[in-house]
Amino acid sequence: MSKSVIAILVIAVLSLVGIKLLIPEKEVVRIGQQHKIQDGGKQHLASIYEKHTPYGTELPTSGPHFSQPATWGVSDIEIPDEQWIHNLEHGGVVVTYKPDLPAKDIDELRIIVSNLTMRDEQTSKKGFKVVLTPRASNKSAIQLSSWGYNLSLDAVDKTKIQQFYRDRPNTAPEANAAG
């Protein structure tokens with residue numbers, strides 16, 4: 001091979017490596033597996049609609065959020081990400097689902113979340129902190145989020161939801177906060 005061909009090959013390889021380093025990797029959603037997400041900070045916003053840097057993942061687990069958390073429990077209306085992220089900061093778990101999920105699945109999620117709440121209120125001094133809300137932008141049918149972790153599911157899976165709940169509550173910067 002001539003020196004010019006080798007030089008072209010070296011430049012091509014270095015260019016590809018450089019491009020790979022400059023292009024951020026896409027979020028990999030592993031269905032049914034919990035995975036850790038890089039901390040996006042905990043900046044408080046004056047309004048839910050205040051402009052902020054985009055979240056690093058499709059389902060945020062931290063980052064800029066409204067200064068007031070959402071009400072704990074089941075919501076039939078979609079709560080903006082910017083609000084329920086504050087619940088994560090307080091050590092909560094948020095369960096989101098696509099609004100077009102079959103009604104029987106939504107009812108099952110409500111029962112699962114309600115049972116988690118009742119069980120923990122009886123056994124935990126801090127009480128359980130959970131929000132269930134529809135979320136139109138979900139990539140998966142059901143997604144769970146806590147500070148720094150998420151879980152995506154294609155269908156209701158009581159065992160995985162319960163496990164995520166057991167693994168993740170009160171593991172956040174303000175886990176002892178009341179709201």
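**Close-up views of a predicted model**

**View 1. Strand S7 and its pairing with strand S8.** Strand S7 and strand S8 (residues 149-153) run antiparallel and are joined by five bridges. These close-ups are all taken from a predicted model. Where the two strands pair, Ser146 has Tyr149 of S8 as its bridge partner. The hairpin formed by S7 and S8 has two residues between the strands, and in this hairpin Gly148 takes a positive phi near 85°.

**View 2. Strand S7 and its pairing with strand S5.** S7 also runs antiparallel to strand S5 (residues 93-97), to which four bridges join it. One residue to look for here is Thr96, whose bridge partner in S7 is Gln143. Five of the five residues of S7 are buried, so the strand is largely enclosed by the rest of the structure. From S7, Ile142, Leu144 and Ser146 point one way while Gln143 and Ser145 point the other way, and all of these residues are buried.

**View 3. The largest nonpolar core.** The largest nonpolar core holds 21 residues, of which Val95, Tyr97, Leu101, Leu109, Ile142, Leu144 and Ile161 touch the most other members. Two or more residues of this core are given by each of S5, H3, S6, S7, S8 and helix H4 (158-167), and the largest share, five residues, comes from H3. A second, separate core is made up of ten residues, including Leu59, Leu88, Val94 and Trp147.

**View 4. The surroundings of Ile142.** When its neighbours within four places in sequence are left aside, Ile142 is in contact with Val95, Thr96, Tyr97, Leu101, Leu109, Leu151, Ser152, Leu153, Ala155 and Val156. Ile142 itself is buried, and it points from S7 the same way as Leu144 and Ser146. Val95, Tyr97, Leu101 and Leu109, which appear among these contacts, are also, like Ile142, among the residues that touch the most other members of the largest nonpolar core.

**View 5. The salt bridge of Asp81 and Arg135.** Among the five salt bridges that the structure holds is one in which the side chains of Asp81 and Arg135 meet, with a distance of 2.9 Å from N to O. Asp81 lies in helix H2 (residues 81-89), whereas Arg135 lies in the loop between strand S6 (130-134) and strand S7 (142-146), so the pair ties together parts that are 54 residues apart in sequence. Both Asp81 and Arg135 are buried.

**View 6. Salt bridges of Lys104 and Arg110.** Lys104 and Asp105 form a salt bridge in which the closest N and O atoms are 3.1 Å apart. The partners have unlike surroundings: Lys104 is exposed, with a relative accessible area of 61%, whereas Asp105 counts as buried at 13% relative accessibility. In another salt bridge, Arg110 is joined to Asp107, and here the closest N and O atoms are 3.3 Å apart. Arg110 and Asp107 both belong to helix H3 (residues 103-123), where they are three residues apart, about one turn of the helix. Arg110 counts as partly exposed at 28% relative accessibility, and Asp107 is partly exposed as well, with a relative accessible area of 39%. Elsewhere, salt bridges that share partners join Glu58, Asp81 and Arg135 into one network.

How values were computed:
Residues are numbered from 1 along each chain as its sequence is written. This is a predicted model: local features need pLDDT of at least 70, side-chain atom pairs count only at pLDDT 80 or more; totals for chains, interfaces and linings use all residues. Side-chain values use heavy atoms; hydrogens and water are left out. A salt bridge is a side-chain nitrogen of Lys or Arg within 4 Å of a carboxyl oxygen of Asp or Glu. Buried means under 20% relative accessible area, exposed over 50%, partly exposed in between (1.4 Å probe, protein chains only). Two strands pair if DSSP finds at least two bridges between them. A nonpolar core is a set of buried Ala, Val, Leu, Ile, Met, Phe, Trp, Tyr and Cys residues joined through side-chain atoms within 4.5 Å. Contact means heavy atoms within 4.5 Å.
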